[in-house]
Amino acid sequence: MTETRKTVWGVLSTANIAVNQVIPALQKSERLVVGAIASRDEDRATAVARSLGIARAYGDYDALLDDPEIDIVYNPLPNHLHVPWTLRALEAGKHVLCEKPLALSAAEAASLIETSQRTGKNVREAFMIRDHPQWLRARELVQGGALGEVRAIHVSFCYDNRDPANVRNQLDIGGGALFDIGCYAVAVGRFIFACEPERVVAEVDRDPDFGTDRLTSAIMVFPGGRRLVFTCATQLVRSQDVQIIGTTGRVSIAVPFNQSPDREARLLMDDGTVLKGGDPAVETFGPVDQYLLQAEAFSDLCVSGSVDPYGLQDAIRNMSVIDALWSSEETRGWADVRQD
């Protein structure tokens with residue numbers, strides 16, 4: 001892999017997020033190409049490859065990993081398969097962009113460290129929002145003091161999916177709200193506050209049939225008493241909201257997580273005047289594809305050999321918070337977050 005040619009990506013599985021969002025995004029790039037896709041159903045892989053104009057289709061994941069032309073693997077497999085297939089991809093000499101959550105625990109995520117270091121290949125957890133201009137600007141406003149001292153963040157992320165066959169509703173393979181979308185709220189707090197939470201408390205409601213958490217609410221306490229409060233749910237109306245609240249101002253991120261690549265993004269800023277009938281200040285951002293930005297950033301990093309600010313250690317820290325949230329559910333009390 002050199003700076004004189006495009007990086008070649010291989011996709012493990014024909015998961016909906018890959019077929020409908022990530023692959024079309026990657027195909028907009030002039031710096032990379034999707035060279036192959038694999039499925040355990042060869043006919044499915046062939047059909048998807050044909051429909052998306054992908055050169056090679058494999059009916060076996062290992063066959064894709066053995067492809068010498070592949071530089072980077074995108075892993076959108078079900079959650080319990082993230083670490084096993086990321087390990088195999090690393091051993092095959094591939095960099096890996098793996099869907100969130102990277103693992104089912106911090107310890108499982110840490111099991112990737114030795115192989116990543118030995119092979120010299122990068123692993124990144126796919127939180128695409130960290131490459132979106134609206135999120136970069138929100139963090140810039142916070143760090144620049146535009147909101148005064150930011151002491152609270154409120155996050156809500158919900159959808160309604162009651163299909164027992166859906167992977168999000170299968171407990172034994174890592175289903176449930178916290179793993180699927182609550183992990184975004186955890187990442188948001190760490191991204192905006194630029195530090196790690198010290199302790200957490202969670203209240204979890206589980207589906208009586210699936211056993212998965214269908215409604216999880218939590219408080220994450222950061223140094224200095226700052227906090228993030230979030231709710232994530234798999235059986236509520238589809239909705240998303242992020243409020244970043246400071247002593248002199250507030251930022252609302254409109255459509256924070258699933259912003260369409262064809263629509264402009266907006267930040268709404270308010271110093272309290274909306275309560276007196278005023279209008280918030282609006283900052284807009286032209287349409288961008290956050291999956292494309294994420295892929296190009298990771299591709300460039302792999303080519304350059306630079307240190308990844310969102311590499312394995314970041315993923316392990318995110319999983320450490322989730323571990324503490326599960327511990328809080330079990331003890332019905334506060335749980336300390338394990339620090340490095």
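**Cavity, pockets and annotated spans in the predicted model**

In this predicted model, a search of the whole structure returns one cavity of 30 Å³ or more. The largest cavity has a volume of about 30 Å³, and its lining is made up of Glu-196, Arg-317, Ser-320, Val-337, Arg-338, Gln-339 and Asp-340. When these lining residues are sorted by class, four are charged, two are polar and one is nonpolar.

Among the open spaces, the largest pocket encloses about 980 Å³. Its lining comprises 36 residues, and those that lie nearest the centre of the pocket are Asn-16, Ile-17, Val-167, Arg-168 and Asp-180. At least two lining residues are supplied by each of four elements, namely helix H1 (16-26), strand S7 (150-160), helix H8 (177-193) and strand S11 (235-246). Helix H1 provides the largest share of this lining, with four residues. By class, the lining of the largest pocket holds 15 nonpolar and 15 polar residues, together with six charged ones. Both domain 1 (7-128 + 293-318) and domain 2 (129-289) give residues to this lining, and the largest pocket therefore lies between the two domains.

The second largest pocket has a volume of about 260 Å³. It is lined by Ile-113, Ser-116, Gln-117, Gly-120, Lys-121, Asn-122 and Val-123, and also by Val-307, Asp-308, Gly-311, Leu-312 and Gln-313. Helix H6 (113-119) and helix H10 (312-331) each contribute at least two residues to the lining of this pocket, the largest share, three residues, coming from H6. In terms of class, six of the residues lining the second largest pocket are polar, four are nonpolar and two are charged.

Two annotated spans were also examined. UniProt, in an unreviewed entry, assigns residues 21-125 the feature "domain: Gfo/Idh/MocA-like oxidoreductase N-terminal". In the model this span is 42% helix and 21% strand, and its end C-alpha atoms lie 16 Å apart. The feature "domain: GFO/IDH/MocA-like oxidoreductase", likewise from an unreviewed UniProt entry, is placed at residues 135-251. Over residues 135-251 the chain is 22% helix and 42% strand, with a separation of 11 Å between the end C-alpha atoms.

At the level of single elements, helix H4 (residues 82-91) has His-82, Val-83, Trp-85, Thr-86, Ala-89 and Leu-90 as its buried residues. This pattern may be read against the geometry of the helix: an α-helix has 3.6 residues a turn, so positions three or four places apart point the same way. Just after H4, Gly-93 adopts a positive phi of about 85°.

Pro-133 belongs to helix H7, which spans residues 133-143. With a relative accessible area of 26%, Pro-133 is classed as partly exposed, because this value falls between the 20% limit for buried residues and the 50% limit for exposed ones. When neighbours within four places in sequence are left aside, Pro-133 is in contact with Phe-285, Val-288 and Leu-293. The C-alpha atoms of Pro-133 and Ile-245 are separated by 19 Å, the two residues being 112 residues apart along the chain.

Definitions and conventions:
Residues numbered from 1 in each chain as written. Predicted model: local features only at pLDDT ≥ 70, side-chain atom pairs only at ≥ 80, totals over all residues. Heavy atoms only, no water. 1 Å grid on protein atoms, 1.4 Å probe; cavity = no way out; pocket = protein on both sides within 12 Å on 5 of 7 lines; lining within 4 Å. Points joined across faces, edges and corners; volume = space filled by probe spheres on them. Nonpolar A, V, L, I, M, F, W, Y, C, P; charged D, E, K, R; others polar. Domains from an automatic or database assignment. Buried < 20%, exposed > 50% of the residue type's maximum accessible area, 1.4 Å probe, protein only. Contact = heavy atoms within 4.5 Å. UniProt positions renumbered as here; feature names shortened; annotations may be inferred.
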